[in-house]
Each structure stands twice: as structure tokens, then as C-alpha cells.
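Reader: Could you take me through a close look at one helix, and then at how the chains meet?

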Amino acid sequence: MLVRDLRLANRRRGDMANPLIFFVMVATLVPLGVSPEATRLAVMAPGIIWVMALLASLLSAESLFAGDYRDGTLEQALVAPQPLWVLVLAKITAHWLVMGLPLTLMSPLLGIMLSLPPAGYPALLASLALGTAALSLLGAIGAALTVAIRRGGLLLSLIVMPLYMPVLIFGASAVQQAVDGMAYGGTLAVLGALLAFAVMLSPFAAAGALRVGLHG
Amino acid sequence: MTFTQWFHRLGSPRWFYQASGKWLPWLAAATLILLVAGLVWGLGFAPADAKQGNSFRIIYIHVPAAFLALAGYYVMAVAGAIGLIWKMKLAEMAMRPAATLGAALTFISLFTGALWGKPTWGTYWVWDARITSMLVLFFLYLGVIALHYAYTSRDAATRAGAVLALVGTVNIPIIYKSVDWWYTLHQPATIKLTEAPTMHPAMFQPLVVMILGFYCFYALALILGLRAEILHRERRTRWVRELIGEDAV
Amino acid sequence: MFQFDSFQALVAMGGHGFYVWISYGVSLAVMAWLVISPLKRKRQVLGNLKRQQRRTVADGRRTGEASY
């Protein structure tokens with residue numbers, strides 16, 4: 001399933017790139033809307049980059065199960081011999097590999113655009129790598145709940161946004177702490193704990209939600 | 001009567017509809033008495049706060065509403081869980097009224113909090129840990145309600161709402177802890193929100209009355225909502241037809 | 001002991017009347033709505049059912065058999 005998803009993603013590179021382009025484009029709006037002054041941007045950079053990443057992840061979460069739902073693969077997965085949560089986990093992993101990982105790798109570019117102080121980059125990379133994985137996991141629950149609903153995208157954001165908040169808080173704080181020259185290892189550890197918790201909970205919740213969504 | 005028997009009877013919408021009809025007058029009376037007593041006491045007789053003056057009287061509505069808003073989420077989630085696991089009809093039916101009720105109470109506590117904040121701190125809104133958490137709770141409620149309305153199949157709506165409510169329940173402590181942590185990180189020096197000072201008994205007693213009143217109100221509103229939901233869902237059953245028959249003929 | 005000298009003083013709340021009364025007013029309005037709306041819904045459901053039943057009974061008489 002994982003390999004298949006990755007192959008599919010590779011075939012639809014356009015879809016895959018859209019959230020990333022969104023990520024960069026919104027970042028250019030910030031200086032236009034606020035101020036091009038480096039000092040002012042630097043203050044906001046950690047928070048803004050993290051909010052952008054969150055929105056980009058949210059945007060792409062909708063497509064997590066949508067394709068499989070439309071072509072019936074999901075129906076087959078429900079009756080497949082493997083437990084459903086394994087498949088869900090595979091799909092989430094694929095989602096992170098085509099979304100979260102590139103996003104993390106692109107974040108230094110945004111850091112430069114928003115004049116993030118140099119001390120923040122390691123924390124930015126580390127927190128986004130952990131954080132986007134947690135976001136993918138949480139987004140999967142929302143995506144599973146809304147997959148059977150037409151125009152579920154907006155609803156998905158409404159549902160998932162409150163669940164994203166702890167990740168945002170700790171992710172952005174880690175970067176901020178790094179910029180301020182403080183130790184941020186503890187904050188990253190909490191982010192890791194959130195991720196571990198999400199790994200334990202989310203595949204089961206999403207699998208349950210898929211069953212509910214498809215069969216009532 | 002054994003526990004399982006009791007459980008099954010409680011789960012029967014018909015039994016609940018008939019039994020709750022008998023409870024309602026008592027519950028309504030208790031709610032009315034407690035709320036009126038608490039309101040008159042709190043508005044007229046409790047002493048004004050030394051620092052905040054009379055604006056502090058908002059506490060008598062703000063705190064009970066916040067209490068029930070939070071407890072209401074657990075009521076909703078537990079109802080959802082019981083509905084999911086044991087397929088108890090009554091619990092499934094309770095989800096929707098509980099969500100509406102909880103969202104409304106959260107709104108009340110946010111609204112009164114803002115109006116209390118203006119004379120006390122000079123601003124309607126502060127990004128304080130408790131206020132922010134309350135806002136997140138409001139969003140969680142809205143999510144459940146929105147999901148409910150989005151499904152065309154009623155059963156799917158109920159179960160999807162239940163799954164979301166359960167996920168939310170697991171997340172509430174995490175969200176609260178992280179918001180708390182975030183707030184201590186950014187605590188602004190100018191605004192210091194002190195913890196509720198040890199209250200004078202003369203101020204505290206009406207608050208207890210109001211909290212009890214709100215609990216009764218919550219039960220009352222939930223039962224009313226549940227009864228409407230029961231009639232709507234069971235409208236094709238024989239007992240509801242007989243019920244109308246009695247009234248109509 | 002009653003805290004206010006006059007009705008005006010109760011309304012004014014020492015200058016905080018606006019905040020206090022608005023918050024109580026809106027809260028009570030919302031709470032009233034929470035009680036009234038399920039009652040209204042119940043009446044609506046019952047009304048619909050009654051109308052339906054009357055129609056069924058009338059149909060039944062016309063055709064000479066109970067229709068469901």
C-alpha cells in the first residue's frame with residue numbers, strides 16, 4: 001500500500017506540489033501585508049512559518065483518502081484480510097513522505113525569505129519534521145470522518161484545527177526558543193511525545209472513522 | 001432488578017420518554033427555584049467585591065456556565081461512547097442535544113467573560129490560558145455539530161460525531177496543558193490575572209446555589225432535547241402512534 | 001442584607017450596570033432558547049404525526065380498509 005501510494009503520488013506530481021507552492025506563496029504575502037522590515041519579520045518568522053506549514057498540511061489532508069474512496073479501493077480495504085489500521089498507517093506515512101518531508105526541507109527557504117535568525121534553523125527543521133508527521137496523523141482522523149461527505153474540505157479544517165493546536169504551540173515555541181538562544185531540547189521532546197501519542201491513537205481512530213463514514 | 005435489566009430499560013427510548021415525563025415538573029421546579037434564588041441573591045444581596053465592585057456579580061453566571069460547558073463535553077463523549085460500543089439507542093439520541101447545549105453554554109461563558117473583562121482589565125479579550133482553552137472547546141463543539149449536519153444518513157452522523165467527540169476527549173487534557181504552558185511562556189507582565197481570590201462566604205454561597213441551579217438546568221434542557229429527538233426518531237413506532245392517539249381522540 | 005439603596009442603584013450597579021445586565025440578559029435569553037426550542041420541536045413532530053394520522057384514518061374510511 002505504501003509503495004503503491006508513493007508511486008501514485010509520483011504520477012500526480014502536480015497535486016503533490018500544490019501544497020508546497022501554497023506554503024511558499026503565502027509566505028510572500030506576509031511581507032506584503034505586514035512590512036518588509038527584516039527586524040519585524042524576524043520576530044514573527046517562527047510563528048508564521050509554522051502556521052503556514054499547518055495550513056499546507058491541512059489543505060492536503062483532504063486528499064488523503066479521497067482518491068481511494070472514489071475508485072473503490074477503500075471499500076476493498078475494509079474487507080481486506082489485513083487490519084484496516086495498518087493500511088491507514090501506510091497511507092499516512094505516504095502522505096508525510098510526499099508532504100511533510102518536502103515541506104520540512106523547504107522551510108529553510110522560507111526562513112531566509114522571512115529573515116529568520118540563523119540560530120533558528122536546526123530547531124525549525126527538527127520541529128517541522130516531527131510536527132508535520134503529527135499533523136498528518138491527526139489530519140487523517142478528520143479526513144476519514146469527512147471522506148464520504150461531499151465538499152468535506154472546509155468541514156475537515158473545522159474539525160481538525162483544534163486538534164492541531166498543541167502541535168503548533170510546541171513546534172513554534174521550539175523555534176522561538178532556539179532564536180532566543182534558549183535550550184529547546186525539552187520542547188522537541190514534548191513534540192516527539194505528541195507524535196508518539198498520535199501514532200498510537202490516530203490509525204485506530206481513523207480506521208474506526210472510515211468504517212463509520214462508509215457504512216454508517 | 002439486576003443491573004443489566006436496568007440498563008436495558010434505561011436504554012429503551014419509550015421507557016425513558018414515559019419516565020422523564022414524570023420527572024420533568026419536579027426538575028423544572030427545582031431549576032426555577034434554584035436559579036431565581038441564586039440570581040436574586042447574587043445580584044442583590046451578595047456584597048460587592050472590594051476591588052471589582054459590582055461587575056464581579058457576573059461570576060454567578062460565568063462560572064456555572066463554564067463548569068457545565070466543560071462537563072457537557074464529557075457527557076456528550078460518554079453518550080457517544082456508549083452509543084458506539086453497546087449501540088444503546090438512547091445514548092445515540094443524546095449526542096445531538098448535548099452538543100447544542102454544550103456549545104450554547106460555552107458561548108455564554110465566553111460572552112460573559114468578555115463583558116466581565118472590560119470593566120475589570122479594561123479589555124474585552126485577553127489571550128489568557130483559560131479563555132483560550134474555552135475558545136478551543138467552543139471550536140470542538142462546533143466541529144461535532146457541523147459534522148452532524150453534514151451527514152445525510154442519521155446513523156452515520158451520530159457515529160461520526162461520537163468518534164470525533166471521543167478523539168476530542170482524549171485531546172482536551174493535552175490541549176489544556178499545552179495552552180497552559182504556552183501562556184506561562186508568553187505571560188505579559190502588564191496584565192496579571194490573579195487566581196480567584198479566596199471568596200468571602202457571603203459571596204460564595206450564592207455561587208453554590210447558581211452552580212446547582214445550572215446543573216438542574218442542564219439536566220432539564222438535555223431531557224427536553226432528548227424527548228424531542230426520541231419522538232422524531234421513533235415517529236413510526238407503535239407506541240408513539242398510540243401516544244398521539246390518546247391525545248387526538 | 002440588600003446591597004442597594006434604590007432601584008436606580010441596582011440598575012446602575014455602581015457604573016457597571018451595562019456589563020452586568022447585558023451578560024445576564026443574553027445568558028438568560030440563550031438559556032430560555034435552550035428550553036423553548038426542544039419544546040417547539042416536540043410540538044412540531046407531534047403536530048405532523050397527528051395530521052398524518054388523521055389523513056390515514058380518512059383514507060381508510062374511504063377505501064374501507066386500514067392503510068399503513
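**One helix, then the interfaces**

Author: Happily! Helix α9 of chain A (helices are DSSP runs of H or I, at least four residues, numbered from the N terminus) bends by about 35 degrees at Leu201(A), and Pro203(A), a proline, follows within four residues. The bend is the angle between axes fitted to the seven residues ending there and the seven starting there. This is a predicted model, in which local features need pLDDT of at least 70 and side-chain atom pairs pLDDT 80 or more, while totals for chains, interfaces and linings use all residues. Residues are numbered from 1 along each chain as its sequence is written, with chains lettered from A and ligands numbered from 1 in the order written.

α9(A) covers residues 185-215, 31 residues in total. From its first C-alpha to its last, α9(A) reaches 44 Å, close to the expected 45 Å (1.5 Å times one less than its number of residues).

Now to the neighbours of this helix's chain: 21 residues of chain A are in contact (C-beta atoms, placed from the backbone, within 7 Å) with 24 residues of chain B. On the chain B side, two or more residues each come from α5 (129-150) and α6 (154-186). α6(B) provides the largest share, 14 residues. By class, this side of chain B has 18 nonpolar, 4 polar and 2 charged residues.

Chain B also meets chain C, through 36 residues of chain B and 28 of chain C. Helix α2 of chain C (residues 17-63) gives the most to the chain C side, with 20 residues. That side of chain C divides into 19 nonpolar, 6 polar and 3 charged residues.

Conventions: Contact = placed C-beta atoms within 7 Å. Nonpolar A, V, L, I, M, F, W, Y, C, P; charged D, E, K, R; others polar.
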